[in-house]
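Reader: Got a minute to walk me through this one? I'd like to start with the overall sheet and then poke at a few residues.

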Amino acid sequence: MVSPQTQDRNRLRLFKPYCSCDWRYGSVKFLVSSLVFAALLLGSAYLARAQTQITLLVPGPMGRETMDELIAGFESKTGDKVKVTYGQGSRDTPPYGTRQLVARGQALDVSIIFAPYPPAVASGNVEPKSATPLARIVLGLTVQKGASKPDISTTAAVKRTLLAAKSIVIVDPSTGTLGGQAMDSLKKLGLVEQVKPKLKTVEGSQEAEAMVAKGEAELFIGPEVSDRLREGVDLVGALPRGASTPIDVVGYVSTKAKDPKAAKALLQYLASTVAEAAYKAARLEPAH
């Protein structure tokens with residue numbers, strides 16, 4: 001007959017393995033719970049990172065279709081969001097152009113501006129060392145849709161075309177870089193006085209193209225970009241270097257960027273080979 005003490009010892013031996021197993025099971029549960037908790041924390045951190053919003057200032061003549069496409073690509077790649085504001089070129093009067101906005105303290109996280117830009121850089125509102133060349137805007141000629149396209153293959157041909165035109169429209173040099181560049185081209189060709197009687201100025205490219213579309217002006221000296229602002233016009237092509245100097249387009253990171261790292265990533269993307277291909281497709285010259 002087994003004594004009560006022996007029975008207790010036997011029960012204890014039988015119980016120990018289950019105790020040990022339960023302890024190990026509890027440890028596994030604790031480990032799994034810890035891993036799940038850590039994963040949730042990492043997921044939350046990723047979501048918080050993905051919700052970063054970067055503000056971007058872009059001159060309208062850069063081409064909205066091109067920039068919208070690049071922004072969508074950056075957002076898809078990084079998870080960051082970009083809030084873009086399209087400026088009025090480089091106006092010195094309200095509503096101010098992009099470089100004037102920067103100079104006046106209204107730079108966004110990333111600001112794209114046209115040359116010349118010393119006042120904007122000297123303002124302290126953008127980080128000078130962040131200067132990143134993106135592209136160059138080339139001037140071209142636009143005519144009414146269906147009209148014969150004049151010869152602009154050489155500097156001499158451009159000069160003959162402008163002298164023969166009945167009317168020419170440009171953006172007002174006081175309201176934008178493109179107008180100033182068009183006037184510089186006329187000076188370069190020595191035609192300012194000769195074309196003055198038939199030269200018209202308007203506030204922006206959109207108004208200039210509208211005049212050409214309606215037949216109110218024969219030629220528009222404006223940006224050579226693929227997404228034209230108005231229906232009813234045809235692009236003749238780019239002016240040769242002898243008749244016009246391309247405009248440098250440079251991006252800067254603001255000294256007050258909410259997330260400098262994210263802003264720099266956006267600027268780098270806008271200077272990438274992917275962006276360069278998009279600029280070329282939109283008839284912008286590569287920066288290098």
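Author: Sure, and keep in mind that this is a predicted model. Let's begin with the open sheet of six strands, which has mixed pairing.

Reader: In what order do the six strands of that open sheet come?

Author: The sheet is open and its pairing is mixed. Reading across it, the order is 2-1-3-10-4-11.

Reader: Which strands stand at the edges, then?

Author: Look for strands with a single partner strand, since one side of each is then left without a neighbour in the sheet. That fits strand 2 (81-87) and strand 11 (285-286).

Reader: Which residue in strand 3 stands opposite leucine 57?

Author: Strand 1 and strand 3 run parallel, and two bridges join them. Opposite leucine 57, in strand 3, you'll find serine 111.

Reader: And what angle does helix 2 make with strand 2?

Author: Helix 2 covers residues 64-78 and lies across strand 1, strand 2 and strand 3. Its direction relative to strand 2 is about 165°.

Reader: Back to strand 1: is threonine 55 buried or exposed?

Author: Threonine 55 sits in strand 1 (residues 53-59), and its contacts farther along the sequence include Lys83, Leu108 and Lys258. A polar atom of its side chain also lies 2.9 Å from the backbone nitrogen of aspartate 109. With the cut-off at under 20%, a relative accessibility of 13% means that threonine 55 counts as buried.

Reader: The whole structure has two aromatic pairs. What kind of pair do tyrosine 117 and tyrosine 252 make?

Author: Their ring centres are 6.1 Å apart and the planes meet at 70°. Planes over 60 degrees apart count as edge-to-face, so this pair is edge-to-face.

Reader: How many residues apart in sequence are the parts that this pair ties together?

Author: Tyrosine 117 is in the loop between strand 3 (110-114) and helix 4 (118-122), while tyrosine 252 is in strand 10 (residues 247-253). Tyrosine 252 counts as buried, at 4% relative accessibility. The separation of the parts tied together is 135 residues.

Reader: How far apart in space are proline 246 and glutamine 181?

Author: Proline 246 is in the loop between strand 9 and strand 10, and at 12% relative accessibility it counts as buried. Gln181 is among the residues it touches, along with Arg136 and Glu285. The two are 65 residues apart in sequence, yet C-alpha to C-alpha the distance is 8.5 Å.

Reader: Last one: which residue with a positive phi follows helix 8?

Author: Helix 8 (residues 205-213) has buried residues including Ala208 and Met211, and what covers its buried residues includes helix 6 (177-188) and strand 5 (139-144). After the helix, with phi near 85°, comes glycine 215.

Definitions and conventions
Residues numbered from 1 in each chain as written. Predicted model: local features only at pLDDT ≥ 70, side-chain atom pairs only at ≥ 80, totals over all residues. Heavy atoms only, no water. Helix = DSSP H or I, 4+ residues; strand = E, 2+ residues; numbered from the N terminus. Buried < 20%, exposed > 50% of the residue type's maximum accessible area, 1.4 Å probe, protein only. Polar contact = N/O pair within 3.5 Å; in protein donor to acceptor, adjacent residues only side chain to side chain. Contact = heavy atoms within 4.5 Å. Phe/Tyr/Trp six-rings, centres within 6.5 Å; stacked < 30°, edge-to-face > 60°. Pairing = 2+ DSSP bridges. Axes fitted to C-alpha atoms, helices over the stretch in contact; angles between N-to-C directions. Lists of a residue's contacts leave out its neighbours within four places in sequence.
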